[in-house]
Every structure is written in C-alpha cells, then in structure tokens.
Amino acid sequence: QVQLVESGGGLVQAGGSLRLSCAASGRTFSTASMGWFRQSPGKEREFVAAISRTTGSTSYADSVQGRFTISRDNAKNTVYLQMNSLKPEDTGVYYCSRIIFNTRAPIGNWGQGTQVTVSS
C-alpha cells in the first residue's frame with residue numbers, strides 16, 4: 001500500500017499562488033498515474049488534476065484549467081500541484097491519490113490532505 005503525505009497548503013489572498021506537494025512511499029509510485037482532488041465544505045470530493053504514469057500527459061478539471069499545473073518527480077516519489085491565480089472557490093482540503101488516468105477515478109488510499117484557504 002502506498003502511503004501519501006500532502007503538504008504546502010495555507011492561507012492566501014485571491015490572485016495568489018501556492019505549491020502543493022504529495023510525497024509517496026513505496027516502489028510503485030513511478031508506475032502509477034497520480035491525481036489531485038479537493039473537498040470544499042458541504043461538497044463532495046472532486047477531481048482537480050491528473051498526470052499519466054507513462055506519457056506524462058496531464059488532465060485538468062475545467063475550473064482549474066490554465067491556472068493549475070500538475071507535475072511529478074519520480075526520483076523523489078513526489079507529485080506537485082502549482083496553483084496560480086487562486087480564487088475563493090478554490091478553498092478546500094486537497095488530497096492526492098493514485099488514479100486511473102482515463103477515467104479520473106481514484107484508487108487506493110488517501111493521505112491526510114492539506115488545507116487551502118483563499119480569502120477574497
């Protein structure tokens with residue numbers, strides 16, 4: 001089982017930037033597509049971004065397209081989410097997970113998440 005630890009969240013004003021990190025344990029990281037999800041108060045967890053295990057292709061939710069960038073460093077077993085031009089509606093707890101890239105479906109366990117709060 002892969003252990004996931006998210007970090008990098010915080011409080012930022014609208015228009016600001018944050019960079020989230022997800023450190024994964026286990027030798028399967030380099031063979032796994034990875035994704036970021038978020039959960040806002042009163043809402044279900046939703047897909048944010050994914051990066052393919054094989055091609056490095058990326059996929060984004062329409063709401064973050066053009067503002068967020070997902071990347072990975074297989075040598076460090078880490079996936080990142082660079083978030084620019086943040087909006088109050090980006091507020092939530094952000095989680096990473098292994099993912100089926102084509103369907104955006106998360107698989108396996110979740111980390112503890114990292115809180116992102118965007119003030120207006």
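The legends below describe close-up views of one predicted model.

Residues are numbered from 1 along each chain as its sequence is written, and side-chain values use heavy atoms, with hydrogens and water left out. Because the model is predicted, local features need pLDDT of at least 70 and side-chain atom pairs count only at pLDDT 80 or more, while totals for chains, interfaces and linings use all residues.

**View 1. The disulfide of Cys22 and Cys96.** The structure holds one disulfide, a term for a pair of cysteine sulfur atoms within 2.5 Å. The sulfur atoms of Cys22 and Cys96 are 1.8 Å apart. Cys22 lies in strand 3 (residues 18-24) and Cys96 in strand 9 (residues 92-100), so the bond ties together parts that are 74 residues apart in sequence. Strands (E, at least two residues) and helices (H or I, at least four) are DSSP runs, numbered from the N terminus. The torsion about the S-S bond is about 50 degrees, so the disulfide is right-handed. Cys22 has 0% relative accessibility and counts as buried; Cys96, also at 0%, counts as buried. Buried means under 20% relative accessible area, exposed over 50%, and partly exposed in between, for a 1.4 Å probe and protein chains only.

**View 2. Strand 3 and its partner strands.** Five of the seven residues of strand 3 are buried, which leaves the strand mostly covered. Strand 1 (residues 4-7) runs antiparallel to strand 3 and is joined to it by four bridges. In this pairing, Glu6 has Cys22 as its bridge partner. Strand 8 (residues 78-83) also pairs with strand 3 in the antiparallel sense, over six bridges, and Ser21 stands opposite Tyr80 of strand 8. Two strands pair if DSSP finds at least two bridges between them.

**View 3. Ser30 in the loop between strand 3 and strand 4.** Strand 4 covers residues 34-39. Ser30 is partly exposed, with a relative accessible area of 34%. Leaving aside neighbours within four places in sequence, Ser30 is in contact with Arg53, Arg72 and Asn74; contact means heavy atoms within 4.5 Å. Ser30 and Asn74 are 44 residues apart along the chain, and their C-alpha atoms are separated by 5.4 Å.

**View 4. The two faces of strand 11.** In a regular strand the side chains alternate between the two faces of the sheet. Along strand 11 (residues 114-119), Thr114, Val116 and Val118 point to one face and are buried. Gln115, Thr117 and Ser119 point to the other face and are not buried. Strand 2 (residues 10-13) runs parallel to strand 11, with four bridges between them; Gly10 has Val116 as its bridge partner. Strand 9 pairs with strand 11 in the antiparallel sense over three bridges, and there Val93 stands opposite Gln115.

**View 5. The surroundings of Thr114 in strand 11.** Thr114 is buried, with a relative accessible area of 10%. Leaving aside neighbours within four places in sequence, its contacts include Glu6, Ser7, Gly8 and Gly9, together with Leu20 and Tyr94. A polar atom of the Thr114 side chain lies 3.0 Å from the backbone nitrogen of Gly9. The C-alpha atoms of Thr114 and Cys22 are separated by 9.5 Å, with their positions 92 residues apart along the chain.

**View 6. The aromatic cluster of Phe37, Phe47, Tyr95 and Trp110.** A pair of aromatic rings is described by the distance of the centres and the angle of the planes. Rings of Phe, Tyr and Trp (its six-membered ring) pair if their centres lie within 6.5 Å; planes under 30 degrees apart count as stacked, over 60 as edge-to-face and the rest as tilted. The whole structure has three aromatic pairs. One of them, Phe37 with Phe47, is edge-to-face, at 5.9 Å centre to centre and 75 degrees between the planes. Phe37 lies in strand 4 and Phe47 in strand 5 (residues 46-51), so this pair ties together parts 10 residues apart in sequence. Both Phe37 and Phe47 are buried. The rings of Phe37 and Trp110 have their centres 5.2 Å apart and their planes at 90 degrees, so that pair is edge-to-face. Trp110 sits in the loop between strand 10 (105-107) and strand 11, 73 residues from Phe37. Trp110 is partly exposed, with a relative accessible area of 31%.

**View 7. Arg45 over the rings of Tyr95 and Trp110.** Arg45 lies over the face of Tyr95, 3.9 Å from the ring centre. Arg45 also lies over the face of Trp110, at 4.2 Å from that ring centre. A charge sits over a ring if NZ of Lys or CZ of Arg is within 6 Å of the ring centre and within 35 degrees of the ring normal.

Technical notes
Polar contact = N/O pair within 3.5 Å; in protein donor to acceptor, adjacent residues only side chain to side chain.
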